[in-house]
Amino acid sequence: MPPIDAPPSEQPFEITVGPNDMPKLNMRHPPSAQEVCVFTYGAAVTSWTTRGEDHFWLSDTNKWEPKGKAIRGGIPICFPQFGPYGDLVQHGFARVSEWDINNCMVNEDGSVSAVFGLSSEMKDREGVQAWPYQFEAEYTVTLSYVGLETKLAVTNKGQEPIKFTAAFHNYFKVTKVDNARVFGYEGCKFLNRLEGDKEMPAEEDTGSGLLIAQETDRIYLNAPEELAMFDFASLKVLKIKKTPTLGDATLWNPFGAEGADPGWENFVCIEPACITNPATVQPGETWVGAQLLGVE
Ligand SMILES: O=P(O)(O)OC[C@H]1O[C@H](O)[C@H](O)[C@@H](O)[C@@H]1O
């Protein structure tokens, strides 16, 4: 790690403000030339770079107003509800709530972590009161030699079991959606969200990955712990490793459908999630879901 008097560009943590004075944390891991930016609004990762190259797509339409609208791009956190499956706002309140920065640390192995917190005690935070449970959520973002890890830990602080769905809504940047091939979903059945969540059989494994050639909105069931995406133009391989607690994974691109973000051609959403088998947390217990992202 850099010495304490290292130049500002090498310091691991820097809290600054983004558009409209929205607080954000820049975290660096100089030995691997990685950097990540996380806004406290939604604890939203908005960029992750290796040697200056960003792997996340961020919409040009973002208004950067912390007023109930999620930042589109990066990694919105869907919690405690994925999509419209429940009584809460679409994808839950975590992505439209202001999170605290609980801790920033250099770990023993030289990796760096930032920990964000949101709990039912923070009654002033957007949406929190709409969920009738006592909870403490901790979101840890870590940069290490292997890549970027995001980890959501949810502790039940109440007296009754908590049930929720969640996802890391990754917006991966691609040169063009049809240059991308997704690997890992071969052999998995999926719910087709475009056909009322109809369960579809697994597609044939062609060995050359899945091409998105039309509007796609799917929840893959029992998705493997490792997924990957290859971009033919940039020759970039992106690898996703997820914990078994995130049994599902989605695949989404609106492909120019009505209302699609004008930048739709440049992202593919692959979202490790627990949707079809919601998480249940007993009083006093903690549920943990994590993903590790790497690029080659
Ligand atoms: O527009 P948002 O609420 O951010 O949701 C964006 C997308 O998220 C997920 O990928 C869902 O499967 C899609 O159905 C949804 O359109």
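Two strands pair if DSSP finds at least two bridges between them. In this predicted model, strand 2 (residues 23–29) and strand 3 (residues 34–39) are joined by 6 bridges and run antiparallel. Leucine 25 faces valine 38 of strand 3 across this pairing.

An open sheet of 5 strands follows the order 1-2-3-4-5, with antiparallel pairing. Its edges are strand 1 (13–17) and strand 5 (53–54), each of which pairs on one side only.

**Strand 19 and its partners**

Strand 19 covers residues 248–253, and 6 of its 6 residues are buried. In a regular strand the side chains alternate between the two faces of the sheet. Here, Asp248, Thr250 and Trp252 point one way, while Ala249, Leu251 and Asn253 point the other way.

Strand 19 is joined to two strands listed below.

| Strand joined to strand 19 | Bridges | Direction | A bridge pair |
|---|---|---|---|
| Strand 16 (residues 216–220) | 5 | antiparallel | arginine 218 with leucine 251 |
| Strand 20 (residues 267–281) | 5 | antiparallel | threonine 250 with glutamate 271 |

**Around the ligand**

Which residues are around the ligand? They are Ala70, Gly83, Gln90, His91, Arg193, Asp217, Thr250, Trp252 and Cys269. By class, this shell holds 3 nonpolar, 4 polar and 2 charged residues.

Strand 19 supplies Thr250 and Trp252 to this shell. Both residues are buried and point one way from strand 19, along with Asp248. Thr250 also has a bridge partner in strand 20, glutamate 271.

Conventions
Residues are numbered from 1 along each chain as its sequence is written. This is a predicted model: local features need pLDDT of at least 70, side-chain atom pairs count only at pLDDT 80 or more; totals for chains, interfaces and linings use all residues. A residue is near a molecule or strand if its C-beta atom, placed from the backbone, lies within 6 Å of it. Ala, Val, Leu, Ile, Met, Phe, Trp, Tyr, Cys and Pro count as nonpolar, Asp, Glu, Lys and Arg as charged, and the others, Gly among them, as polar. A residue is buried if 20 or more other C-beta atoms lie within 10 Å of its own, exposed if 12 or fewer, and partly exposed in between; C-beta atoms are placed from the backbone. Helices (H or I, at least four residues) and strands (E, at least two) are DSSP runs, numbered from the N terminus.
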